[in-house]
Amino acid sequence: MTTGEKSTTGYRGVSLELLTKFNIGVWDRIKVESESGDYEGVLLPRNSMADSLHIVIKLDSGYNIGVKAARIKSIEYLGRQEGHYGIREQEFPYDESKPNIFLFGTGGTIASRLDYSTGAVIPAFSPGELFGAVPELADICNLKTKKLFGIFSEDMGPEQYITLAENIYKEINNGADGIIIGHGTDTMHHTASILTFMIQNPPVPIVLAGSQRSSDRPSSDAARNLINAAIAATGPIAEVMVCMFGPTSDQYGLLHRGTRVRKMHSSYRSTFRTLGDIPLATVDVQKGVNPLRSDYRPRSTPNEEFKIIPTFSDKVMILYYYPNMQENLIRSIVEAGYEGIVIAGTGLGHINRPLYNVIRWAIGKGVHIYMTVQTLWGFVQMFVYDNGRYLMDCGIVPLANMLPETAYMKLAWALGQTRDREEVKKLMLTPINGEITERERPDSYLVLQGGLPEVKDFLLDYML
Amino acid sequence: MSLWKTNDIDYAGIGFRCGIEIHQQLDTKQKLFCHCPVGLVDDPPDARVLRHMRPTLSEMGEYDPTALMEKKTRKEIIYEILNNRVCTYELDDSPPFPINQQAVEIGIRLALLFQCNIVDEAHISRKQYLDGSIPTGFQRTTVIGTDGWIPYKYRRIKIPQVNIEEDSCREVDNVGHNVIFRTDRLSIPLVEVITDAELYSPQEAFEVTWLLAETNRISGLVRRGIGAARQDVNVSIAGGSRVEIKGVDKISHIPALTHFEALRQKALLNLRDEIKERGISDSNYAYSTTDATANLARSPEFVGNQAVEQGGVVSAIVIKGFRGLMEKYIFPERIFADEIAGRVRVIACLDKMPNIAHRMNRMSLGIPDKEWEDIRRSLDAEDGDATIITWGPRQDVNTALEEIAIRCREAIHGVPPETRNMALNERYSDFERLLPGPDRMYPDTDHPPIEIDIERVESLREIVPDLPWDRRVTMKEMGLPDYLIDHLVTNPRYRIFLRMAGISGNPKWAAQVIVEYFTYLHRRDFGAINLSDDRLLILAQLFGDGIFHRESTLDILKAICVKDYDPQEAIDEIVPAVSEEQLDSILSEIITIENQLRDPEKRERFLMGEAMRRLRGAIPGKLIREKLSALQD
């Protein structure tokens with residue numbers, strides 16, 4: 001936006017011509033005479049994804065409407081009515097007796113304020129802003145924040161992972177008692193697993209949190225997730241964890257081990273689930289962190305084991321197998337220079353016979369190929385059928401019950417360090433924090449089916 | 001002034017103004033933003049979900065007053081989930097699906113009925129509601145038409161907007177900090193028709209609301225029945241404030257509600273003047289509070305003892321200079337202290353009434369003189385100060401004290417802008433929440449703008465039905481009596497009535513068929529389904545041609561219903577062929593029947609009835625009457 005000149009944010013084509021003709025810009029109060037009716041209100045910016053044929057006016061009733069530019073006869077300028085944005089900052093209180101938590105921002109909006117005119121969400125991020133939005137945080141900890149990036153979670157990549165790992169390492173060494181990472185939810189589990197591999201033996205909790213309903217909504221899960229994350233960051237479990245809603249009800253959060261967690265629903269609040277194991281703990285304001293198991297890594301003081309290995313190869317990919325997959329697909333992947341392939345195979349870890357030759361050829365070319373299962377739950381077991389034995393003979397390495405996304409992150413991380421086949425294999429098969437488990441608890445696979453009488457009773461007693 | 005002794009001039013004198021918002025469910029198959037079926041059910045819930053609402057910062061980084069109020073209530077909101085009526089959208093666990101185009105079309109047609117301009121592009125907005133009645137915390141709403149009007153008393157009542165929006169949940173229970181909502185009603189499409197505040201008496205408010213509802217119903221596109229239509233009534237008087245009485249489900253309640261709201265505002269303005277006379281202003285308004293649990297620990301009759309036993313506390317507040325104001329009448333049987341109690345009930349969730357004690361009721365609540373005076377003394381209360389005592393869980397009592405102080409301070413300025421709901425007596429209203437600020441609307445980023453094509457509007461304009469006021473003129477010109485007109489204005493068969501009236505040349509007969517006989521056949525389960533429009537038109541033709549007479553109409557209709565006859569078949573069966581000779585012999589027989597009736601009028605009625613029964617409408621009554629009188633002479 002420039003001063004002196006009229007701003008026409010988001011307008012193009014016919015509507016832009018019209019605004020230029022009448023010398024009108026956004027935030028101008030205008031009176032429009034059109035064949036569809038006469039309207040008075042404030043000209044709003046237009047969403048750039050919307051068409052170029054309408055202008056948007058905020059009526060005094062607070063409602064917005066679009067008026068077709070071609071039907072507008074005249075626009076009268078009545079004045080200017082610009083929205084003012086500013087989040088009131090309140091100093092985040094410091095209390096010596098409380099733990100010091102460091103919050104990194106990556107671009108998700110865990111707390112925000114709304115621009116009522118455009119509907120845009122303005123993130124609240126500084127400690128002062130966060131205190132204004134979620135004052136409960138001050139009851140839990142002292143807070144420092146640093147905004148590392150401002151990107152959507154799907155745009156996270158190696159550069160961000162490495163920067164994040166380095167910053168976390170630095171702040172823990174500077175004395176932070178816990179780390180929170182505000183993160184978009186789409187790839188939160190990818191970041192959680194790569195941080196588990198990059199930051200080894202952390203002495204304090206590293207907690208990722210975000211929201212499924214943006215924080216500008218009264219029903220948002222953001223504040224509760226942030227408060228739970230702060231409790232987890234001051235808690236006893238020193239691992240990389242995801243902290244998000246347990247049920248969709250406002251009841252408690254779950255702490256998920258970073259290598260075993262996955263986003264399982266595109267929009268539900270309770271979207272994050274631990275797969276093939278049970279979650280680490282529940283967390284809420286009343287009871288704090290309540291571990292569900294004892295084999296977690298406890299909080300300690302920084303020691304020599306605490307280190308970072310911030311490596312990443314971007315020549316790794318996930319191949320989601322489907323019936324009738326053609327061998328030229330794999331050939332082109334290899335020819336494009338990929339060095340590592342994580343296959344999400346069917347059933348116990350299978351792909352079709354016509355691919356065997358190309359797999360053998362790819363491994364001969366030096367490509368590292370690992371097998372996971374697209375069933376997500378359960379182990380790869382390639383000894384059961386001949387086909388599996390043949391594939392292993394070709395050089396495919398089964399990855400037990402490692403989740404495909406976790407395997408992708410781990411292979412990228414491993415190939416960032418070495419290309420030696422045996423060394424990579426050793427890195428892949430040696431669990432760092434639960435990405436491969438020795439055994440599968442019987443209650444680690446629970447996908448309740450609605451409609452069953454016993455599930456009905458359960459839902460009435462415990463809520464969704 | 002009582003409602004029934006006031007006239008429009010009295011209301012003009014106090015500057016009475018009223019505007020109406022009428023909400024009515026649209027008759028669509030599915031909900032507005034998802035594909036759930038519409039319809040309320042009484043089945044037990046399949047699951048429950050617990051949520052809380054958190055106020056969001058407004059544009060200026062402030063909280064909306066309503067939002068803050070709802071935060072103070074700390075409500076645990078439980079939604080009863082019905083698997084066959086709601087999906088993850090209503091639970092706020094999925095984004096909206098594209099808007100229901102059937103609802104948009106109905107919206108356009110209704111907006112055209114109200115003479116609106118139709119917007120070129122509809123934008124979905126979010127209107128914040130933090131009471132939990134909508135799980136998202138906001139209602140999705142969009143304006144479809146603007147600048148409409150309806151004619152009323154030789155003037156035009158402006159309809160600035162006609163909106164389409166989603167309905168909220170049904171409240172099942174609301175006790176203490178727990179509120180339970182049922183979700184079946186949630187997201188049913190509604191039309192919202194808004195008038196300007198141009199109605200100048202309760203009677204006008206009533207009549208215009210009726211007219212709005214009539215117009216909606218004429219469309220045949222809205223749902224009817226209990227709860228399908230609800231009104232918000234905005235009332236203010238000169239010097240007062242806009243107060244919204246929400247969710248009035250019967251139009252007949254509007255005159256009393258608006259009248260008593262005007263009275264309440266007048267009383268609050270009088271209270272304001274008295275406070276001013278006492279020299280109390282914002283700058284010197286003062287109060288003090290204290291814990292009084294110990295003071296009342298030895299009073300066995302004290303009504304708050306149970307709360308204290310359960311771990312609660314008793315607190316007292318003294319408002320400087322407010323003595324005697326608590327007992328000022330606001331409604332005929334309600335005093336200012338009741339206004340305060342309403343706030344405490346809603347915001348502090350102390351909902352076991354009575355929830356406050358003051359000078360007038362403290363004896364009956366078991367607070368003896370000595371304790372009362374002790375408490376007042378501990379707060380340095382002087383003669384001119386008012387005291388209020390409240391009890392309950394500590395946190396709630398603290399909220400209550402705050403609210404009492406706030407409500408008394410508001411009295412300095414007169415009428416606080418509030419949303420209220422109808423009291424049980426259907427005349428007064430109770431506090432529901434503070435009136436939301438203007439900034440609670442913001443664009444919905446989940447739904448793209450909806451272009452409304454001009455051709456679409458024009459094609460819908462062609463099928464706009466004639467309007468209630470025009471229908472009334474038409475029927476008046478036909479000479480129909482008012483009671484039939486009232487029924488026919490919104491009758492779904494109005495158009496077929498018009499054609500029957502034209503074909504038969506007898507509007508009154510046609511009106512009788514559509515209004516009276518249809519009702520009769522419905523009530524007695526005759527299955528009016530066989531009365532197709534085509535059959536009705538043929539029947540009108542036959543009636544016009546004199547094939548049968550008024551008297552046999554109902555029997556013919558019954559035969560059509562029961563036996564699925566065509567009109568001619570029914571007439572053939574019902575109406576006997578009677579020759580002139582047969583008629584004369586029947587009538588001669590009738591007048592010889594012995595009876596005791598001496599009164600000539602009664603006697604004639606008896607003879608007519610007997611003749612009609614035997615002739616079953618084969619002969620018009622007029623002819624029978626002529627013949628009977630000729631025979632007797």
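In what order do the four strands of the open sheet in chain B follow one another? In this predicted model, the order is β2-β3-β10-β9, and the pairing among these strands of chain B is mixed. The briefing below takes up this sheet and then turns to the cysteines, for which the structure holds zero disulfides over all chains.

**The open sheet of chain B**

- The sheet of four strands is bounded by β2 (47-51) and β9 (170-175) of chain B, the edge strands, each of which pairs on one side only.
- From one strand to the next, the twist of this sheet averages 20 degrees.
- The edge strand β2(B) runs antiparallel to strand β3 of chain B, which covers residues 76-81, and five bridges join the two.
- Within this pair of strands, A47(B) stands opposite I81(B) in β3(B).

**Cysteines without disulfides**

- Over all chains the count of disulfides is zero, and C243(A) is accordingly in no disulfide, with the nearest cysteine sulfur, that of C141(A), lying 13 Å away.
- The side chain environment of C243(A) can be described by its relative accessibility of 0%, and because buried means under 20%, C243(A) counts as buried.
- In chain B, the cysteine sulfur closest to that of C408(B) belongs to C349(B) and is 20 Å away, which is too far for a bond, since a disulfide requires the two sulfur atoms to be within 2.5 Å.
- C408(B) likewise has a relative accessibility of 0%, so C408(B) counts as buried.

Technical notes
Residues are numbered from 1 along each chain as its sequence is written. Chains are lettered from A and ligands numbered from 1 in the order in which they are written. This is a predicted model: local features need pLDDT of at least 70, side-chain atom pairs count only at pLDDT 80 or more; totals for chains, interfaces and linings use all residues. Side-chain values use heavy atoms; hydrogens and water are left out. Two strands pair if DSSP finds at least two bridges between them. Axes are lines fitted to C-alpha atoms, for helices over the stretch in contact, and angles run from 0 to 180 degrees between N-to-C directions. Buried means under 20% relative accessible area, exposed over 50%, partly exposed in between (1.4 Å probe, protein chains only).
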